[in-house]
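This report introduces a protein chain to a reader who has not met it before. The sequence and the structure are shown first, and the description follows.

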Amino acid sequence: HGYLHAGVVATIADSACGYAALSLAPPATGVLTIEYKVNLLAPASGSRMIARGRVTRAGRTITVSAGDVYATQADGSEKLIATMLATVMTLHERPAILD
């Protein structure tokens with residue numbers, strides 16, 4: 001139909017939410033999405049997709065972040081096509097497990 005697949009839109013929104021959470025995580029930690037809700041608001045059509053994430057609340061283990069995906073239009077304007085709310089877990093350093 002000429003639209004970017006919704007799975008791709010959700011993926012870039014998830015990445016934006018994850019990187020937002022990672023920006024506030026302590027050094028030597030990682031993040032992992034444990035839940036998200038995505039609302040697809042308009043067909044994903046445009047010359048480029050832009051995802052922007054922000055932290056809603058950062059905790060020691062659980063961070064909630066939100067993200068929006070925009071499609072760049074021919075005139076340079078951005079159209080909001082999706083929004084996401086994600087729950088992200090911080091993976092703290094763990095001791096190595098010996099066999």
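In what follows, a residue is called buried when its relative accessible area is under 20%, exposed when it is over 50%, and partly exposed in between. Lys 79 has a relative accessible area of 38% and is therefore partly exposed. The model described here is a predicted one.

**Overall composition**

The chain contains one helix and four strands. Along the sequence these elements follow the pattern α-β-β-β-β. Measures of the whole chain give a first impression of its extent: the C-alpha atoms fill a box of roughly 55 × 30 × 20 Å along the principal axes. Of the 99 residues in the chain, 30% are buried. The chain exposes about 6300 Å², and carbon and sulfur atoms supply 57% of that area. Among contacts with a separation of 6 or more, residues 24 or more positions apart account for 63%. The chain carries 8 positive and 7 negative charges, and the mean positions of the two groups lie 6 Å apart.

**The sheet**

The four strands form an open sheet in the order E1-E4-E3-E2, with antiparallel pairing. E1 and strand E2 (48-58) are the edge strands, each pairing on one side only. From one strand to the next, the twist averages 25 degrees.

Strand E4 (residues 78-91) is joined to strand E1 (residues 30-40) by 10 bridges, and the two run antiparallel. Within this pairing, Val 31 has Thr 90 of E4 as its bridge partner, while Leu 40 has Ala 82 of E4. Strand E3 (residues 62-72) is also antiparallel to E4, to which it is joined by 11 bridges. In E4, Leu 80 stands opposite Tyr 70. The hairpin of E3 and E4 has five residues between the strands, and Gly 76 in this hairpin takes a positive phi near 95 degrees.

**The helix and the loop that follows**

Where does helix H1 lie with respect to the strands? Helix H1 (residues 6-23) lies across E1, E2, E3 and E4, and runs at about 40 degrees to E2.

The loop between H1 and E1 holds Ala 28. Most residues other than glycine have a negative phi. Ala 28, although not a glycine, has a positive phi of about 65 degrees. Ala 28 has a relative accessible area of 53% and so counts as exposed.

**Selected residues**

The table gathers the relative accessible areas of five residues.

| Residue | Relative accessible area | Class |
|---|---|---|
| Thr 63 | 3% | buried |
| Thr 87 | 19% | buried |
| Lys 79 | 38% | partly exposed |
| Lys 37 | 45% | partly exposed |
| Ala 28 | 53% | exposed |

Is Thr 63 buried or exposed? Thr 63 is buried, because its relative accessibility is 3% and the cut-off for a buried residue is under 20%. Thr 63 belongs to strand E3. Leaving aside residues up to four places away in sequence, Thr 63 touches Ala 21, Val 55, Arg 57, Ala 58, Ala 86, Thr 87, Val 88 and Thr 90.

Thr 87, one of the residues that Thr 63 touches, is placed in strand E4. Its relative accessible area of 19% falls under the 20% cut-off, so Thr 87 is classed as buried. With the same sequence neighbours left out, Thr 87 touches Leu 32, Thr 33, Ile 34, Glu 35, Ile 62 and Thr 63.

Lys 37 is found in strand E1. At 45% relative accessible area, Lys 37 is partly exposed. Beyond residues up to four places away in sequence, Lys 37 touches Thr 83, Met 84 and Leu 85. Lys 37 and Val 55 are 18 residues apart in sequence, and their C-alpha atoms are 15 Å apart in space.

Lys 79, the partly exposed residue of the opening paragraph, lies in strand E4. Which residues does Lys 79 touch, not counting residues up to four places away in sequence? They are Ala 42, Val 69, Tyr 70, Ala 71 and Gln 73. The C-alpha atoms of Lys 79 and Val 69 are separated by 8.4 Å, and the two residues are 10 residues apart along the chain.

Notes: Residues are numbered from 1 along each chain as its sequence is written. This is a predicted model: local features need pLDDT of at least 70, side-chain atom pairs count only at pLDDT 80 or more; totals for chains, interfaces and linings use all residues. Side-chain values use heavy atoms; hydrogens and water are left out. Two strands pair if DSSP finds at least two bridges between them. Axes are lines fitted to C-alpha atoms, for helices over the stretch in contact, and angles run from 0 to 180 degrees between N-to-C directions. Contact means heavy atoms within 4.5 Å. Buried means under 20% relative accessible area, exposed over 50%, partly exposed in between (1.4 Å probe, protein chains only). Accessible areas come from the Shrake-Rupley method with a 1.4 Å probe; for residues, only the protein chains shown count as cover. Lys and Arg count as positive and Asp and Glu as negative; His and the chain ends are not counted. The place of a charge is taken as NZ of Lys, CZ of Arg, CG of Asp or CD of Glu.
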